[in-house]
Amino acid sequence: MGQSYNVAVIGAGTAGLVTARELQREGHRVTVFEKANQVGGTWLYDSLVESDLLGLDPNREIVHSSLYKSLRTNLPRQVMSFLDYPFVKRESGDTRPFPGHEEVLRFLQDFARDFGLMELIRFGHEVIRVELVDVVSHDWVVESRTRETESRWESKEEVFEAVVICNGKNTEPKVAEFPGRDTWPGLQMHSHNYRTPEQFENKIVVLIGNGPSATDILREISPLAKQVHLAFRGSDIKLINLKNYDNAWPHSPIECAHEDGKVVFQDGSIVEADVIIHCTGYKFHLPFLKSNGIVTVDDNRVGPLYKHIFPPSLAPWLSFVGLNYRALVFRVIELQAIWVAKVLSGKVKLPTQEAMAASVEEFYEQMEKAGWPKYHTHSLQNDEGEYASWLAAQSDIRPPKSWEEITFFSFVKGIFGHGENFRDTWDVDKWIQEIESSD
Ligand code: FAD
């Protein structure tokens, strides 16, 4: 056994649960703070929506999950498995390869129960401050609050030797900016607050974006809506074929919106719309972290972080698990959690602070040279296979060679090849077997 520390984990979604399991396996003492009353994070569907549907009001009551009621996974269960805990089909459950969200929640609940994690979790505890109070003994104060009555909160401070932040990245909406947005008279919402299609019956809807949420929402509302107009960058719709829809049209991004209800697109077209839905992604949000400016969120870059995880000057006492996207998220989270737990126990060594800082700088320079925008710092679109292999090697894990080939982007390509009904038409088992046997 290596060194054992008193570690706080913030969040009991996928990242928090896997991190808690790995920390426990390494012999650390773990306390998980979770503001909800159940595990699951994003996968805990909530029919409630926020009071400000665009998510601009900082004082709104936050609803954590962004799931819509009909959501099915966009990745197959095979790659939402953990190394020694596969996401298997249960006879009584949803056996589809791309199951509904309830099945993922059940999987995470089973995971938490089977690894004895429930006892480690303080439910209903929202972390409101994480602050380093002693540099030498690396004491962190974690202040959390619990709701006593509708309007009264009780808060408490505790000290930990290390903190792992796993608070998720799909809750704080990023919205499109265009002149006239704030005075346009129609209904505007972010996809974070979309649940079901009924309210769009007979409406003229503008959908901004062409990612998975925009395409799923288009598919769901177009049978009810009068018209759907998609506003997005780029020359074609990537995941969806608009030819299959007789009431949907593509446009360039919105140029401006007027008080008479007109929405003007950059290509000169104009529609008089009732609703604008911003399917424009999310922002990292760390309101509780007081790091004296050491860790900042700048244009969606949380940094500086060595390998998306450790701030060099605070390592290994502060870390992040689950910041990456455009990746097979469950797999990456598990490898990150294993690494963090082993680094803390001293079994795996980090480079010096200077070497980590230099590595971060080099990464930023590479991004700049490649013209890759800052807000994509944590996207693994270009190097997921390499990053996963690197993480695995750090912890001496030998995943199948096929892992380098099976990435988020190989799935996106598969989706193109199978059209918009990919969830029901694609034989993913066969596809994975073919890749594995060609090893
Ligand atoms: P979360 O699941 O968001 O968990 C964070 C947890 O932290 C929550 O429980 C939250 O309550 C808690 N928390 C936050 N702040 C605090 C605080 N201050 N104090 C205490 N607790 C706090 N991934 C896939 O692999 N496959 C898919 O098909 C897929 N589909 C998706 C569809 C949608 C619409 C969205 C939004 C995401 C999807 N994802 C998918 C990505 C998804 O984010 C990951 O699967 C995974 O849920 C991320 O887990 P996490 O633990 O990082 O974050």
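**Exercise 1. Work out how the ligand is held by polar contacts and how much of its surface is covered.**

Step 1. Begin with Asn170, where an N or O atom of the side chain lies 2.8 Å from an oxygen atom of the ligand, a polar contact being a pair of N or O atoms within 3.5 Å. The model is a predicted one, in which local features need pLDDT of at least 70 and side-chain atom pairs count only at pLDDT 80 or more, whereas totals for chains, interfaces and linings use all residues. Residues are numbered from 1 along each chain as its sequence is written, and side-chain values use heavy atoms, with hydrogens and water left out.

Step 2. Turn next to Trp43, whose side chain places an N or O atom 3.0 Å from an oxygen atom of the ligand, and then to Ala15, where a backbone N or O atom is 2.8 Å from a ligand oxygen.

Step 3. For the cover, note that the ligand taken alone exposes 1,000 Å², of which the protein buries 93% (Shrake-Rupley method, 1.4 Å probe).

**Exercise 2. Describe the two domains and the interface between them.**

Step 1. The protein chain is divided into domain 1 (6–171 + 282–405) and domain 2 (187–278), with bounds from an automatic or database domain assignment.

Step 2. In the contact (heavy atoms within 4.5 Å), domain 1 takes part with 21 residues and domain 2 with 15 residues.

Step 3. About 1,400 Å² is buried between domain 1 and domain 2, and carbon and sulfur atoms give 52% of this area, which is the accessible area (1.4 Å probe) that two parts lose on being put together, summed over both. Of the area that domain 1 buries against domain 2, Leu53, Leu54 and Tyr68 supply 48%, more than any other three residues.

Key: Polar contact = N/O pair within 3.5 Å; in protein donor to acceptor, adjacent residues only side chain to side chain.
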